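Student: I have not seen this structure before. Could we go through a loop and a helix contact?

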Amino acid sequence: MTPTPHPALAARRARVRRIRGRVATGATALFLALFSGLYVQMATGNDPALGEESAQVATTATGTAASDAGSSDTTSSDDTTTDDSGESDAAPMTTSAS
Amino acid sequence: MSAAAAATGEHLFWIVSRAAGIVALLAASASVGLGLLMGGRMLRGRAVELRSVHEALSIAAMAAIVLHAGALVFDSYVNLGVADVTIPFLGDHQPLWTSLGIVCGWSLIALGVSYYLRARIGVARWRRLHRWTALVWVLSIAHAIGEGTDAGRLWFLVSVGIVIVPAALLLAVRHTPSTTPTPTNTSR
């Protein structure tokens with residue numbers, strides 16, 4: 001049978017637990033906010049390291065899909081807007097990632 | 001938008017690492033600032049609560065450091081192995097700044113864990129050891145500014161500055177020699 005701690009000690013432990021919980025919640029919330037912000041920044045092509053490359057990858061992927069769809073129709077050659085200069089190898093390598 | 005999400009999805013671990021790095025820097029800065037306030041007797045009362053916040057912020061910083069380094073291992077573009085993010089001067093990716101970050105990470109974790117071993121270390125010796133945290137913190141700021149992808153962004157500088165500047169001022173005050181003569185206690 002474990003002895004019950006002194007009420008003051010129990011209250012102090014509860015306060016400490018509450019503080020730890022709040023800090024952990026705050027840190028997690030901060031992390032999620034930063035993660036979301038960086039995700040949106042990258043998805044919109046405003047990433048400082050990748051610049052517009054991340055958006056270009058998306059555009060090219062969409063463009064390639066469109067041209068693939070268009071290539072089946074051999075008569076319509078005027079609607080393909082993408083040249084294949086920056087297609088699938090546009091893997092956004094970074095040199096300043098950390 | 002789904003294609004953009006797919007493209008960004010390839011960098012998820014890199015984004016995790018960046019976010020965790022910023023959380024680590026903010027938590028460590030807040031912890032150092034609070035520690036300096038407590039050490040300089042600028043905050044009185046509620047010692048247990050203040051120490052708990054200081055400790056919790058340090059643990060949060062250590063956890064974020066682990067996530068910051070660990071996420072890079074899983075990132076397919078930066079291509080770093082476990083050894084590259086744990087052993088200084090091993091990887092090719094910005095060796096100086098990365099190595100500084102690795103040294104700071106290990107040092108902060110070691111200094112943080114030493115709190116729980118202070119009875120074994122000796123309280124006086126542990127206090128002397130604990131002061132090195134400030135130096136490691138300054139070096140970790142250098143790592144963040146020197147290598148951080150977002151270091152040039154205004155939002156980063158403002159959000160980090162809000163926490164770093166007060167802590168840096170407190171550190172400067174702490175290490176500025178006092179010009180006022182210390183009163184000699186002759187009454188006893």
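**A loop and a helix contact**

Tutor: In this predicted model, Phe89(B) sits in the loop that joins helix 4 (82-86) to helix 5 (95-114) of chain B.

Student: Is Phe89(B) buried or exposed?

Tutor: The count to use is that of other C-beta atoms within 10 Å, and 12 or fewer means exposed. Phe89(B) has 10 of them, so Phe89(B) is exposed.

Student: What is the phi of Phe89(B) near?

Tutor: Most residues other than glycine have a negative phi. Phe89(B) is not a glycine, yet its phi is positive, near 60°.

Student: Which class of exposure does Gln94(B) have?

Tutor: Gln94(B) also belongs to the loop between helix 4 and helix 5 of chain B, and its phi is positive, near 40°. A residue is buried from 20 neighbours and exposed at 12 or fewer. Gln94(B) has 17 C-beta neighbours inside 10 Å, so the class is partly exposed.

Student: How far apart are the axes of helix 1 of chain A and helix 3 of chain B?

Tutor: Two packed helices are described by the angle between their axes and the distance between the axes. Here helix 1 (residues 7-43) of chain A and helix 3 (residues 47-74) of chain B cross in a right-handed way. The angle is about 35°, and the axes are apart by 9 Å.

Student: How many residues of this contact are nonpolar?

Tutor: Helix 1 of chain A contributes residues including Val16(A), Ile19(A) and Arg20(A), which meet residues of helix 3 of chain B, among them Ser52(B), Val53(B) and Leu57(B). In the contact, four residues are charged, one is polar, and the nonpolar ones number eleven.

Technical notes. Residues are numbered from 1 along each chain as its sequence is written. Chains are lettered from A and ligands numbered from 1 in the order in which they are written. This is a predicted model: local features need pLDDT of at least 70, side-chain atom pairs count only at pLDDT 80 or more; totals for chains, interfaces and linings use all residues. Helices (H or I, at least four residues) and strands (E, at least two) are DSSP runs, numbered from the N terminus. Axes are lines fitted to C-alpha atoms, for helices over the stretch in contact, and angles run from 0 to 180 degrees between N-to-C directions. A crossing is left-handed if the near helix is turned anticlockwise from the far one by less than a right angle, and right-handed if clockwise. Two residues are in contact if their C-beta atoms, placed from the backbone, lie within 7 Å. Ala, Val, Leu, Ile, Met, Phe, Trp, Tyr, Cys and Pro count as nonpolar, Asp, Glu, Lys and Arg as charged, and the others, Gly among them, as polar.
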